[in-house]
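Let's take a walk through this one together. Have the sequence and the 3D view open, and we'll go from a pair of strands out to the whole fold and back down to a single residue.

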Amino acid sequence: MMSDLRDVEILCDVHLVPMRLTSDYVHVQPTDIFPSDLRKCMDISCTRRFSELQGYVDVIENRIDGVNRKLKYCPEGHRGMAIVRVVNGVPEWKCLHRGCECSK
Ligand SMILES: [Zn+2]
Ligand SMILES: [Zn+2]
């Protein structure tokens, strides 16, 4: 079951500013799942993108570059935790699944 991410603010893991949903076209490897919930950083020069399936990745020339991928699983096994806020300068990673203990 996918979570409803549209009302969750997700921050760029580099700039710690909100990311926006984007419909930018991205080539994916045949083995990858197309990230329909792709978000991009508000900093237009930033290459970071986030989706629940891919985690944080760089997108360079419309292709996902997974070299610096950051994909965290919550202890309950849900895929794609994200930084949702910064507390005292420390990014807080939360599970995106509503109702999960790790989403609070
Ligand atoms: Zn950024
Ligand atoms: Zn979870």
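**Starting with the strands**

Strands β2 (residues 39–41) and β3 (residues 48–51) run antiparallel and are joined by two bridges. Look for Lys40, which stands opposite Arg49 in β3. Between β2 and β3 there are six residues, and the two strands form a hairpin. Keep in mind as you look that this is a predicted model.

Now carry on from β3 to β4. Here the hairpin runs through three residues, and four bridges join the two antiparallel strands. One spot to find is Phe50, whose bridge partner in β4 is Tyr56.

Step back, and what does the whole protein consist of? It has seven strands and zero helices, so if you read along the sequence you get the pattern β-β-β-β-β-β-β. The C-alpha trace spans about 35 × 30 × 25 Å along its principal axes. For 104 residues, a compact globule would have a radius of gyration near 13 Å, and the protein agrees, with 13 Å. Of those 104 residues, 24% count as buried. As for contacts with a separation of 6 or more, 39% of them are between residues 24 or more positions apart.

What about the inside? In soluble globular proteins, nonpolar side chains tend to be buried together. Here, the largest nonpolar core has 15 residues, and the ones that touch the most other members are Ile10, Leu11, Met19, Phe50 and Ala82. Strands β4 (55–60) and β6 each supply at least two residues of this core, with β4 giving the largest share, three residues. You've already met Phe50 as the partner of Tyr56. Ala82 is in contact with Phe50 too, and also with Ile10, Trp93, Lys94 and Leu96, leaving aside neighbours within four places in sequence.

Finally, let's zoom in on Val84, which is found in strand β6 (residues 82–87). Is Val84 buried or exposed? Neither, quite: a residue needs 20 or more C-beta neighbours within 10 Å to be buried and 12 or fewer to be exposed. Val84 has 17 inside 10 Å, so it counts as partly exposed. Not counting residues up to four places away in sequence, Val84 touches Val8, Glu9, Ile10, Leu11, Glu92 and Lys94. Ile10 and Leu11 may ring a bell, as both were on the list of core residues that touch the most other members. Asn62, on the other hand, is 22 residues from Val84 in sequence and 25 Å away in space, C-alpha to C-alpha.

Conventions
Residues numbered from 1 in each chain as written. Chains lettered and ligands numbered in written order. Predicted model: local features only at pLDDT ≥ 70, side-chain atom pairs only at ≥ 80, totals over all residues. Contact = placed C-beta atoms within 7 Å. Core = buried A, V, L, I, M, F, W, Y, C linked by C-beta atoms within 7 Å. Pairing = 2+ DSSP bridges. Rg over C-alpha atoms; globule rule 2.2 N^0.38 Å.
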